[in-house]
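The exercises that follow ask you to work from the coordinates towards a description of the model, one step at a time. Try each task before reading its solution.

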There are 2 protein chains.
Amino acid sequence: MTLHDEGPVGADALDRVTWALRRAELAVTALKEQRLRSLGMAAAHYSLLIAVHVDPGLAGAELARRLNVTPQAVASLVARLEGRGQLERRPHPRHRHVQELHLTDAGRDALRKADSVIAEIEQQITEKLDTKSSSQLKALLDQVTDAIQQVQPADPLNRPVTLRKDGTPG
Amino acid sequence: MTLHDEGPVGADALDRVTWALRRAELAVTALKEQRLRSLGMAAAHYSLLIAVHVDPGLAGAELARRLNVTPQAVASLVARLEGRGQLERRPHPRHRHVQELHLTDAGRDALRKADSVIAEIEQQITEKLDTKSSSQLKALLDQVTDAIQQVQPADPLNRPVTLRKDGTPG
DNA sequence: TGCGTCATGTCAAACGTTTGATGGTTGGCC
DNA sequence: GGCCAACCATCAAACGTTTGACATGACGCA
């Protein structure tokens, strides 16, 4: 027990590593979103485009797993990106009603611009920390991720955990 | 320029620190949510309760700033927690239509239980990394947060950045 | 060949959040 | 005292996401 009998909860609760992690991620995400905004792209769009770029021909369901969202959310994003002409859905050669996702030229162009913005942010961060600390940070973060995955393997159905109004597990 | 002229985007994009950060935070959050679920509490509820516990008498708007959400979102959460009898709204002594937020005994109890779950997760992580690496990770994360805040001070109105359908900045 | 299972994609509905706008209150300043 | 800006809280509406359910197609096995 690292806990306390006096107060209900130690005041050190906001000094935890997981809080520092959350704060940092929140700050980074906010900055990305802001910078990406001038390009007319949301962070979610960028994530999707780059995932498709790295693995062309990806299916929507697989994409959903990688982005940690539901297939419907992916469908929604895909529809929008397709409407903008940045993404393309092709029939899968083998499985008939599976749809392959591919970037269009416009999509590649938008991705390139967006990525340069993201890369700039990355660089600004690795600049503040020196290169050594930066790679060390990444190594530690990966360790955390691995530790979590080890304790709790990722849900293959990728079902986000929610709750009912009354607080009983849904 | 750290970039490449060949491919639209380097394949090293998923090796960035900010991606490692995101993955780690996602994993931690998912685990928290899952563990908290058996207690009938969502992570957002826990965050709100602990914030009110640390600073009793907090106003909704201030709380919204700290949690990085809109006042309406806070109001929604507060209404639910108040409905469960874990949170209490009192009139502000000075400002009339400002509402002070306070924990009830039931709220303190729920918070205590929830925090032990969170503390356990924290401990599992700091166990995998040794204590030294753990405090080092926290220090690096704080550095990242500071670096971001330095580049882009937090929006005092705390307005999340969004986008219109057509991609033009909203 | 026929059956059962699994995975993908899509639809309708509910939920939570953000957005935009409004009314009410406080405090500073002329 | 009176005016104006800033802040808090709240309402209605729009948006995005999750949930639950369903139909379709592919594969393994008897």
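**Exercise 1.** In this predicted model, determine whether Asn68(B) is buried, partly exposed or exposed, and describe its backbone and its setting in the chain.

Solution. Begin with the accessibility: the relative value for Asn68(B) is 41%, and since the partly exposed class lies between the 20% limit for buried residues and the 50% limit for exposed ones, Asn68(B) counts as partly exposed. Next, place the residue, which sits in the loop of chain B that runs between α3 (60-67) and α4 (71-83). Then take the backbone torsion, where phi of Asn68(B) is near 65°, a positive value in a residue that is not glycine. As background, most residues other than glycine have a negative phi. Finally, carry out these steps on the other chain: Asn68(A) lies in the loop between α3 (60-67) and α4 (71-83) of chain A, has a positive phi of about 60°, and is partly exposed at 41% relative accessibility.

**Exercise 2.** Find which rotation and which shift lay chain A on chain B, and state what kind of axis relates the two copies.

Solution. The superposition of chain A on chain B needs a turn of 180° with a shift of 0.0 Å along the axis, and it leaves an RMSD of 0.0 Å. The two copies are thus related as by a two-fold rotation axis. A further step looks at the interface, where 97% of the interface residues of chain A are also interface residues in chain B, so the copies meet through the same surface.

**Exercise 3.** Establish how many cavities of 30 Å³ or more there are, and which residues line the largest cavity.

Solution. The count gives three cavities of 30 Å³ or more, and the largest cavity holds about 50 Å³ of space. Its lining draws on both chains, with Leu31(A), Ile121(A), Gln124(A), Ile125(A) and Lys128(A) from one and Ala147(B), Ile148(B) and Val151(B) from the other. The elements that contribute two or more residues to this lining are α5 (105-128) of chain A and α6 (131-151) of chain B, and the largest share, four residues, comes from α5(A). Sorted by class, the lining of the largest cavity has six nonpolar residues, one polar residue and one charged residue.

**Exercise 4.** Describe the setting of Leu103(B) and of Thr104(A), and decide for each whether it is buried or exposed.

Solution. Leu103(B) belongs to strand β2 (residues 99-103) of chain B, and with a relative accessible area of 7% it is buried. Beyond its neighbours within four places in sequence, Leu103(B) is in contact with residues including Leu49(B), Val52(B), His53(B) and Leu111(B). Gln86(B) is another of its contacts; the C-alpha atoms of Leu103(B) and Gln86(B) are 6.1 Å apart, although the two residues are 17 positions apart in sequence. Turning to the other chain, Thr104(A) lies in the loop between β2 (99-103) and α5 of chain A, and it is buried at 16%, because the limit for that class is under 20%. Leaving aside neighbours within four places in sequence, Thr104(A) is in contact with Gly85(A), Gln86(A), Leu87(A) and Glu88(A).

**Exercise 5.** State the order of the secondary-structure elements in chain A, and how many of its residues, as a percentage, are buried.

Solution. Chain A has six helices and two strands, which run α-α-α-α-β-β-α-α from the N terminus. Of its 170 residues, 41% are buried.

Definitions and conventions: Residues are numbered from 1 along each chain as its sequence is written. Chains are lettered from A and ligands numbered from 1 in the order in which they are written. This is a predicted model: local features need pLDDT of at least 70, side-chain atom pairs count only at pLDDT 80 or more; totals for chains, interfaces and linings use all residues. Side-chain values use heavy atoms; hydrogens and water are left out. Copies are superposed by least squares on the C-alpha atoms of residues with pLDDT of at least 70 in both. Contact means heavy atoms within 4.5 Å. On a 1 Å grid over the protein atoms alone, a cavity is a set of points where a 1.4 Å probe fits but cannot get out, and a pocket is an open set with protein on both sides within 12 Å along at least five of seven lines; lining residues have an atom within 4 Å of a point. Grid points are joined across faces, edges and corners, and a volume is the space filled by probe spheres set on the points. Ala, Val, Leu, Ile, Met, Phe, Trp, Tyr, Cys and Pro count as nonpolar, Asp, Glu, Lys and Arg as charged, and the others, Gly among them, as polar. Buried means under 20% relative accessible area, exposed over 50%, partly exposed in between (1.4 Å probe, protein chains only).
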